[in-house]
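Me: I would like to go through this protein model by question and answer. Please keep the replies short and give the cut-offs.

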Amino acid sequence: MRSLDDSRKEARLRLARGAEKELLFGGIPWLGALFAAILWPGIPTILIALVLSLFFAVLLCFFRDPRRVPPADADAIVAPADGKVMQVEQVNAAPFLNGPALKISIFMSLFDVHVNRAPVAGRVALIEHVPGQFLQAFRPAASEVNEHNLIGLESAHGNVLVKQVAGVLARRVVCWVRPEQVLQAGERLGVIKFGSRVDLFLPSGAEPAIKAGAHTRAGETVVARWKV
């Protein structure tokens, strides 16, 4: 059980790891524009300050990392990403699973939380970065040809694969976990910067619990269940 100190620490963790560079990039011009608007008030300086304030607010929104609580259900498989479910389909083969799989694709817009989370408890058995193109992430072909990162988990019910896919704006996929690391469902895996998609591949022992068009919350929304 989580202690009170752990809960307080989690509550303070508001921004994603590795966001310092982008926040400095947006924060320094924003502060400069605010000082300029104060020292030399006028329509141009105020407009610039307002535009940069909006831009910095978008950055803060994008890199937010809210606390998530996975459901207390041993058979539940939770969403690895926030966003809109684009596809729920059976595929003939998937990397790391070496056989048929249930594929669930989630598109993350610029306004979704971009921290990715483990869909199940398991051991990290695969991490592989694959160079590629930068098509729009919502296009079906993007899953195959875009730059992506593979995270394979060995769970009690079989192998599970999380595919972090880059997009037009999301040209950096960040993975925080390491091989042999043991994760609990809902633990943070990494972040994709500035809009993209995550594909989840599950073995034949999983049944979908969500449909295309639904919106998910990483680490909380149940997207599939293990067959009892």
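Me: Which residues are linked with D65 in a network of salt bridges?
Reply: This is a predicted model, in which local features need pLDDT of at least 70, side-chain atom pairs count only at pLDDT 80 or more, and totals for chains, interfaces and linings use all residues. Residues are numbered from 1 along each chain as its sequence is written, and side-chain values use heavy atoms, with hydrogens and water left out. A salt bridge here is a side-chain nitrogen of Lys or Arg within 4 Å of a carboxyl oxygen of Asp or Glu. The residues networked with D65 are R117 and R188.

Me: How many residues apart in sequence are the parts that D65 and R117 tie together?
Reply: The side chains of D65 and R117 meet in a salt bridge, at 3.4 Å from N to O. D65 sits in the loop between α3 (43-62) and β1 (76-78), and R117 in strand β4 (residues 115-117), so the parts tied together are separated by 52 residues. Helices (H or I, at least four residues) and strands (E, at least two) are DSSP runs, numbered from the N terminus.

Me: Are D65 and R117 buried or exposed?
Reply: Buried means under 20% relative accessible area, exposed over 50%, and partly exposed in between, with a 1.4 Å probe and protein chains only. By that scale, D65 and R117 are both buried.

Me: Which residue forms a salt bridge with R225?
Reply: The closest N and O atoms of this pair are 2.3 Å apart. The pair links distant parts of the chain, with R225 in strand β14 and its partner in the loop between α3 and β1, 152 residues apart. R225 is partly exposed at 36% relative accessible area, and the partner is partly exposed at 30%. That partner is D73.

Me: What is the distance between the closest N and O atoms of R217 and E220?
Reply: The structure holds eight salt bridges, and R217 with E220 is a salt bridge too. R217 counts as partly exposed at 39% relative accessibility. E220 also counts as partly exposed, at 25%. The closest N and O atoms are separated by 2.9 Å.

Me: Which strand gives the most residues to the largest nonpolar core?
Reply: A nonpolar core is a set of buried Ala, Val, Leu, Ile, Met, Phe, Trp, Tyr and Cys residues joined through side-chain atoms within 4.5 Å. The largest has 30 residues, and those with the most contacts inside it are I77, I104, L200, L202 and V223. Strands that each supply at least two residues include β3 (99-108), β11 (196-202) and β14 (222-226). With four residues, the top contributor is β3.

Me: Which residues of β14 does I77 touch?
Reply: Contact means heavy atoms within 4.5 Å. Leaving out residues up to four places away in sequence, I77 touches P119, V120, L200, L202, A206 and T221, among others. Strand β14 spans 222-226. Its residues touched by I77 are V222, V223, A224, R225 and W226.

Me: How many residues does the other core have?
Reply: This core lies apart from the one just described. Among its members are A16, L59, F62 and V174. Its size is 11 residues.

Me: How many bridges join β6 to β7?
Reply: Two strands pair if DSSP finds at least two bridges between them. β6 and β7 form a hairpin with two residues between them. They run antiparallel, and G152 has L161 as its bridge partner in β7. The number of bridges is eight.

Me: Which strand pairs with β6 over seven bridges?
Reply: β6 is mostly covered, as seven of its eight residues are buried. The pairing is antiparallel. H129 has N149 of β6 as its bridge partner. The strand is β5 (residues 122-130).

Me: Why does the pair of W30 and F56 count as stacked?
Reply: Rings of Phe, Tyr and Trp (its six-membered ring) pair if their centres lie within 6.5 Å; planes under 30 degrees apart count as stacked, over 60 as edge-to-face and the rest as tilted. A search of the whole structure finds one aromatic pair. The ring centres of W30 and F56 are 4.8 Å apart and their planes lie at 15 degrees, so the pair is stacked.
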